[in-house]
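Trainee: Before we discuss this model, could you set it out so that we can both look at it?

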Amino acid sequence: ATAGDGIVVRGTAKQDDDTGRFDHIAFHARVVDGVRKRLQSKGGKFRESIVPRTGDTQFFMYDPDWVGVELNFPKA
């Protein structure tokens, strides 16, 4: 995905009888430090990683219905 792609929805092969093919939704985001601080201040649980190829930062989390949410921050 590139900065002009907007919202990206990712699917996966159906693995369980009680779930669909929808895996997660990804958003392009800005101000990584501000979002990190806000999530931490609200007790939000997320996993942070750096994309080796680009240096971009990614946050991975789940909404209350266990739908995956990915935030992609371009390298500063």
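Mentor: We begin with a definition: buried means under 20% relative accessible area, exposed over 50%, and partly exposed in between, taken with a 1.4 Å probe and protein chains only. This is a predicted model, in which local features need pLDDT (the predictor's confidence in each residue, from 0 to 100) of at least 70 and side-chain atom pairs count only at pLDDT 80 or more, while totals for chains, interfaces and linings use all residues. Residues are numbered from 1 along each chain as its sequence is written, and side-chain values use heavy atoms, with hydrogens and water left out.

Trainee: Is G55 buried, exposed or partly exposed?

Mentor: G55 sits in the loop between β3 and β4, where strands are DSSP runs of E of at least two residues and helices are runs of H or I of at least four, numbered from the N terminus. Its relative accessible area is 22%, so G55 is classed as partly exposed.

Trainee: Which residues does G55 touch, not counting those up to four places away in sequence?

Mentor: The C-alpha atoms of G55 and F73 are separated by 9.4 Å, with their positions 18 residues apart along the chain. Contact, however, means heavy atoms within 4.5 Å, and on that basis the residues touched by G55 are I50 and K75.

Trainee: In which sense do strands β3 and β4 pair?

Mentor: Two strands pair if DSSP finds at least two bridges between them, and β3 (residues 47-50) and β4 (residues 57-62) have 4 bridges. One bridge partner of S49 in β4 is Q58. The two strands form a hairpin with 6 residues between them, and G55 in the turn has a positive phi of about 80 degrees. The sense of the pairing is antiparallel.

Trainee: Is E70 buried or exposed?

Mentor: E70 is found in strand β5 (residues 68-73), and, leaving aside neighbours within four places in sequence, E70 is in contact with residues including H24, Q58 and F59. The relative accessibility of E70 is 5%, so E70 counts as buried.

Trainee: What is the length of the polar contact that joins the side chains of E70 and H24?

Mentor: A polar contact is a pair of N or O atoms within 3.5 Å; within protein, one must be able to donate a hydrogen and the other to accept it, and residues adjacent in sequence count only if both atoms are side-chain atoms. The side chain of E70 makes one such contact with the side chain of N72, at 3.0 Å. For the side chains of E70 and H24, the value is 2.7 Å.

Trainee: How many aromatic pairs does a search of the whole structure find, and which residues do ring pairs link into a cluster?

Mentor: Rings of Phe, Tyr and Trp (its six-membered ring) pair if their centres lie within 6.5 Å, with planes under 30 degrees apart counted as stacked, over 60 as edge-to-face and the rest as tilted. The search finds 2 aromatic pairs. The ring centres of F46 and F59 are 4.7 Å apart and the planes are at 40 degrees, so this pair is tilted. The cluster linked by ring pairs consists of F46, F59 and F73.

Trainee: Where in the protein chain is confidence lowest?

Mentor: The protein chain averages a pLDDT of 82, and 71% of the residues score at least 70. Where pLDDT is low, the predicted coordinates should not be read in detail. Confidence is highest in β3, at a mean of 97, and lowest, at 59, in strand β1 (residues 8-11).
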